[in-house]
Amino acid sequence: MCGIVGGVAERCVTEILIEGLKRLEYRGYDSAGLALLNKEQILRERRVGKVANLAEAVSEQHLTGNIGIAHTRWATHGKPTENNAHPHVSGNVAVVHNGIIENYQELKDELQALGYIFTSQTDTEVVAHLVNDALKQTDSLLEAVQKVTPRLKGAYALGIIHTEHADELITVREGSPLVIGVGIGENFISSDQLALLPVTNRFVYLEEGDIARLTRTSIEVFVNGERVDRPVKELDATVSNASKGEYKHFMLKEIYEQPEAIQQTISQALNGNNLREDFLQHANADFNKIQQVQIIACGTSYHAGMIAKYWFEQLIGVPCQVEIASEFRYRTPVIVENTLYICISQSGETADTLAALRETQKRAKANNINISTMTICNVATSSMVRETDHHLLTLAGPEIGVASTKAFTTQLAALMLLIIKIGQVKQRLAAAQLTEITEALWHCPKVILDTLQHNTAILRLSALFVEKNHCLFLGRGTHFPIALEGALKLKEISYIHAEGYAAGELKHGPLALVDNEMPVVILAPNDEMLDKLKSNMEEVQARGGELFVFADENSGIQEKDRQHVVHIPAVNEWLAPIVYSVPVQLLSYHVAVLRGTDVDQPRNLAKSVTVE
Ligand code: F6R
């Protein structure tokens, strides 16, 4: 998704803006640009493609300035061209924008009738012209922006500068994330705090509807024209978290970080084999009341929710529904009393999940229905965390690779902790089961470490996928969502078409696809469905399909002709889906590297999907 960086300082901000944009590359983009104010002039440079192209152009021209805005664009309105790249300029105003202005066509017609010339196909350009136009009635850039924002429909974050206001930067947050980085004698803005970590670890998190004026030495935040206070918060993430270290890609680094990330996530909740007394303590009364759970999420986070459904129902007998947020938000679902609505999201900013949450809250309030809301999230300061009654953080550290890995497995660990908690509060979890699961949770990082030892074997298998065009992933029970997740990982980074299926569905359709060109990946933990899964494997082999099996070391499944096997260490059945995520991640990663794709920033995808 698009990214914003801006700054106002005594020093030249060019390098800070470029470094910020580089740090936002992981979010996905197709062009980049910046605008600096220098001697009452706007110096603007834009380039299609990587930030490196922009950096080169900026350095060749020695562009400098003490105040500037910069942007990575992920095309929505209009193709990825230089003219469509941000910043957009109207007169003396330059604007960068994340999000979508839904009524831009109507505004564009109006502005064109007033004589404004449009040089791009973007929705953003209307904002630049509107601010320029509003400045006919006021000398204050802040007031002009305050006049314009009520006219904009949609979701947006903005950074705005003006040549005659060479000491101020105006920023707006309305439905799209934006933070202010607080420096010493300098201040910054960004759509993602990671971009600003080289210059500060102190942030002001704007709320929806906030408009802020930044100078080098001051930050003023306004809501409906009134000054409001927003606290400055210190972040403990370190700059080094956002570097690849010894790894070739962030994705590989993040796959290898999983043992530690899971350890961190469970350590916040467990004391030996018991839950810490203060773990989600403030939620006890709500958890006691709930009769059922509704999970809302997108993509990989949705797959985590699908696994949690098995766990909620089988372990503690709490009914659980899971739905993709983009469907849930528009289908007017019945809001049921005493339901716990759980958003699962790595970023906590995904537009569909956030909208589904807000819609649920609005309708529950309007109809006086008692519900509780909760977020499972990797970003403590995200909108979802702030807007739900309760939250549980996955302590995975920043995830930079677009394909989610450690965020997913820590979501699973967090969901299991939540289920234990609700099971205890509702007295639905036997002591023996608590001990079994907590012991298995503590053991999980070690089993993942042992599974990572199979990296070379998986790399060898991946060579057999490079020339393939299609692939099937099969699993049963909690490994059906892992099959979906494996297929999603493979398609998103290697661009091989892949489908995940519940193995029992094979003969209801997908078996027709199986021939000797079709690799079929099987997830075979040692559970009560193993024999049935073995029958499904026979069905594939009988049709000439080639099997790639991740099988429990005690499953009895062995290598044979057209059946490749990687043995996964024995793992407690409940937690097996966490461990079986790892080989499918590694497989996708190696296939993608062999096919030469951009692993960390696959085409057309964005890390944080903050627009619909
Ligand atoms: C796939 C992937 C996406 C995200 C989805 C939701 O690897 O990462 O499918 O899971 O876009 O994002 P979050 O979890 O941030 O809400």
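Four aromatic pairs turn up in this predicted model when ring centres within 6.5 Å are taken as paired. One of them joins Phe203 and Tyr205: the ring centres are 6.2 Å apart and the planes meet at 35°, so the pair is tilted. Neither stacked nor edge-to-face fits here, because stacked needs planes under 30 degrees apart and edge-to-face needs over 60.

Let's look at the two partners. Phe203 has 0% relative accessibility and counts as buried. Tyr205 is buried as well, with a relative accessible area of 9%. Phe203 belongs to strand E11, which covers residues 202-205.

What surrounds Phe203 once its neighbours within four places in sequence are left aside? The contacts include Val179, Ile180, Gly181 and Val182, then Gln193, Leu196 and Leu197, and also Pro231, Val232, Lys233 and Leu235. Asn187 sits 16 residues from Phe203 in sequence, with 9.8 Å between the two C-alpha atoms.

Elsewhere, a charged side chain meets a ring: Arg603 lies over the face of Tyr495, at 3.8 Å from the ring centre.

Helix H11 is a good next stop. The helix runs over residues 351-366, 16 residues in total, and its first and last C-alpha atoms are 22 Å apart, close to the 22 Å expected at 1.5 Å a residue. Its buried residues are Ala351, Asp352, Thr353, Leu354, Ala355, Ala356, Leu357, Thr360, Arg363 and Ala364. Which elements do these buried residues pack against? The table gives them.

| Element packed against by buried residues of H11 | Residues |
|---|---|
| Strand E18 | 292-297 |
| Helix H10 | 325-328 |
| Strand E20 | 339-345 |
| Strand E21 | 372-377 |
| Helix H12 | 383-387 |

After H11 comes Asn368, which has a positive phi near 55°.

Finally, the chain as a whole. It holds 18 helices and 27 strands. Its radius of gyration is 25 Å, close to the 25 Å that the globule rule gives for 612 residues, so the chain is as compact as a globular protein of that length. Along the principal axes, the C-alpha trace spans about 75 × 55 × 45 Å.

How much of the chain counts as buried? The share is 61% of the 612 residues. Among contacts with a separation of 6 or more, 72% come from residues 24 or more positions apart. The chain exposes about 23400 Å², and carbon and sulfur atoms supply 46% of that area.

Conventions:
Residues are numbered from 1 along each chain as its sequence is written. This is a predicted model: local features need pLDDT of at least 70, side-chain atom pairs count only at pLDDT 80 or more; totals for chains, interfaces and linings use all residues. Side-chain values use heavy atoms; hydrogens and water are left out. Rings of Phe, Tyr and Trp (its six-membered ring) pair if their centres lie within 6.5 Å; planes under 30 degrees apart count as stacked, over 60 as edge-to-face and the rest as tilted. Buried means under 20% relative accessible area, exposed over 50%, partly exposed in between (1.4 Å probe, protein chains only). A charge sits over a ring if NZ of Lys or CZ of Arg is within 6 Å of the ring centre and within 35 degrees of the ring normal. Helices (H or I, at least four residues) and strands (E, at least two) are DSSP runs, numbered from the N terminus. The expected span of a helix is 1.5 Å times one less than its number of residues. Contact means heavy atoms within 4.5 Å. The radius of gyration is taken over C-alpha atoms; the globule rule is 2.2 Å times the number of residues to the power 0.38. Accessible areas come from the Shrake-Rupley method with a 1.4 Å probe; for residues, only the protein chains shown count as cover.
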